[in-house]
Amino acid sequence: MIPSRFDYVAPSSLDEAVALLGAHEGDAKVLSGGQSLIPLIKLRLAAPSLLVDINRIPGLAYVEERDGALHIGALAREADLERSAVVRERYPILLDTARVVADPIVRNSATVCGNLAHGDPGNDHPATMMALDAAVVARGRHGSRAIPVRELFVGLFTTALESDEIVTEIVIPAPPPRSGGAYRKLERKVGDYATAGVAAQVTLLEDGTCARAGIALTNVGATAIAATAAEAFLLHKPLDAETIAQAAQLAAQAADPVEDRRGTPDYKRDMIRVLAARALHAAERRARGSDAAAAAGRD
Amino acid sequence: MSMHTITVTVNGQPHTMEVESRLLLVHLIRDTLRLTGTHIGCDTTHCGACTVLLDERPVKSCTLFAVQADGRAVRTVEGLERDGQLHPVQRGFKEEHGLQCGFCTPGMMMTATALLERNTSPTEEEIRSAISGNLCRCTGYVNIVKAIQHAAAEMRGATAVPSLATPPAERTGATA
């Protein structure tokens, strides 16, 4: 497939990139990993007049913990998350998520920030970042601002980002002691979008009751959905099987799926219930630090 | 701004040329350089037939603009053979019957090459995971996995494992 014509610029600084986006007011697109954007351009579902390739901007490929948060730079690839020691040890939910994004070849190019900025409800990181209470830092002509991921998604493929703004990094608050998280996705085959997916991140008190729960859903609505009723239900309760089953039921009620080739709304809602229970059990085991299999991403 | 002069090193050979922004890397490889070993399959980032190595990492060359490869090194299936000697991965596919129609094979071999150049002792699970972005509709993957294991053994300097492609009589040394 031959894309329609566009101009291409590869600036060497963020300031330059933002200025270009501003000068083209909504008709320019940021090219980072390109694994969603280039197919859209090839299918002519998108026809930007200018691509601003940020891949030549130095210093944006980091995945590092500092100042009590994990920072993921704009050019960190999914494969970088998979290889990161700090992610493996401290953020297993991110490893769960990166491993099921598209396929390993796509993950060499695809960026984590792009997975959010694209605004696709079928992408996997939006739910995970909601569960983690992450924020993105967006930089535009008028400076930088932080946007909580829970406020980033406005609608289908629509985000709160202005047309001159670039997501420069994702900031994830470092989890306190006795925290754990997991992402569970049902997919028909490698590389498919989720039939349904659930991210869960919990923090336990010393007595085993739940101090904080973040639960969010993939591809069962126009955007990723925070299952806030399920989150609130878990507070101050021990995460036993009965409690988790009830929270999973609440998570299923938060889903708003449509029928497609992957299934009916009823089926998808029920898969959310199943996946939410699995994700919460795995998150709880990881929070207790007692489950090697969960830490290795095997349930 | 829509035409760009770029230099891309392909299989060790630098090429300087003028390209349109919208030219895909796979078209530069196939149509401009006439290296037709790299195949176009789905053209939608699924099948992996167009996989090449960009700075030694596998990428789908239908999902990258040629201009993005400016100043970088590309390796295609034509770059596997050296001085008339097949690459161990090519020998593995030949010995273990790792292909039937051959359409997925160049991409499959490039992914396998990147895997084995990082790790010459992958588990079967690691091999299957590494090639999960390369679709094969003929083999059921069984002989592809064996082919990659064969290549891995050769790259480790070990003796290749007995092949299932070899008739059992030959494997056991018995006469039929």
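Hi everyone. Let me begin with a term: a crossing of two helices is right-handed if the near helix is turned clockwise from the far one by less than a right angle, and left-handed if the turn is anticlockwise. Keep that in mind as we look at this structure, which is a predicted model.

Let's start with chain B. It holds six helices and five strands. If you walk along chain B from the N terminus, the elements come in the order β-β-α-β-β-β-α-α-α-α-α. Of the 176 residues in chain B, 45% are buried. And if you take the contacts in chain B with a separation of 6 or more, 58% of them join residues 24 or more positions apart.

Now find helix α5 of chain B, residues 142–156. I'd like to show you two of its partners.

One partner is helix α2 of chain B, residues 88–95. The axes of α2(B) and α5(B) are 7 Å apart, and the two helices pack at an angle of about 135°. How should we describe that arrangement? Angles over 145 degrees would count as roughly antiparallel and 65 to 115 as roughly perpendicular, so α2(B) and α5(B) are oblique to each other. Here our opening term comes in: the crossing of α2(B) and α5(B) is right-handed. Which residues meet there? From α2(B) we have P88(B), V89(B), R91(B), G92(B), F93(B) and E95(B), and from α5(B) come A147(B), I148(B), H150(B), A151(B), E154(B) and M155(B). Sorted by type, the residues of this contact are seven nonpolar, two polar and three charged.

The other partner is helix α3 of chain B, residues 105–118. Its axis lies 11 Å from that of α5(B), and the packing angle is about 40°. Angles under 35 degrees count as roughly parallel, so α3(B) and α5(B) are again described as oblique to each other. Their crossing is right-handed. On the α3(B) side you'll find M108(B), A112(B) and L116(B), which meet I144(B), I148(B), A151(B), A152(B) and M155(B) of α5(B). What types of residue make up this contact? There are eight nonpolar, no polar and no charged.

Let's move over to chain A and look at helix α1, residues 14–23. Its buried residues are A17(A), V18(A) and L21(A). Looking down the axis of α1(A), you see them fall within an arc of 95°, so they line one face of the helix. What do they pack against? Their neighbours are β2 (28–31), β3 (50–53), β6 (135–140) and β10 (166–173) of chain A. Turn to the face away from that buried side, and there are the exposed residues D15(A) and A23(A). After α1(A) comes E25(A), which has a positive phi, near 30°.

Another residue to find in chain A is R44(A), in the loop between α2 and β3. Is R44(A) buried or exposed? It has 11 other C-beta atoms within 10 Å, and a residue with 12 or fewer counts as exposed, so R44(A) is exposed. From R44(A) to Q249(A) is 205 residues in sequence and 40 Å in space, C-alpha to C-alpha.

Finally, where do the chains touch? Chain A gives 22 residues to the contact and chain B gives 24. On the chain A side, β1 (7–9), α2 (37–42) and α6 (104–109) each supply at least two residues, with the largest share, five residues, coming from α6(A). That side of chain A divides into twelve nonpolar, six polar and four charged residues. Thanks for listening!

Notes. Residues are numbered from 1 along each chain as its sequence is written. Chains are lettered from A and ligands numbered from 1 in the order in which they are written. This is a predicted model: local features need pLDDT of at least 70, side-chain atom pairs count only at pLDDT 80 or more; totals for chains, interfaces and linings use all residues. Axes are lines fitted to C-alpha atoms, for helices over the stretch in contact, and angles run from 0 to 180 degrees between N-to-C directions. Helices (H or I, at least four residues) and strands (E, at least two) are DSSP runs, numbered from the N terminus. Two residues are in contact if their C-beta atoms, placed from the backbone, lie within 7 Å. Ala, Val, Leu, Ile, Met, Phe, Trp, Tyr, Cys and Pro count as nonpolar, Asp, Glu, Lys and Arg as charged, and the others, Gly among them, as polar. A residue is buried if 20 or more other C-beta atoms lie within 10 Å of its own, exposed if 12 or fewer, and partly exposed in between; C-beta atoms are placed from the backbone. The arc is that of the directions from the helix axis to the C-beta atoms.
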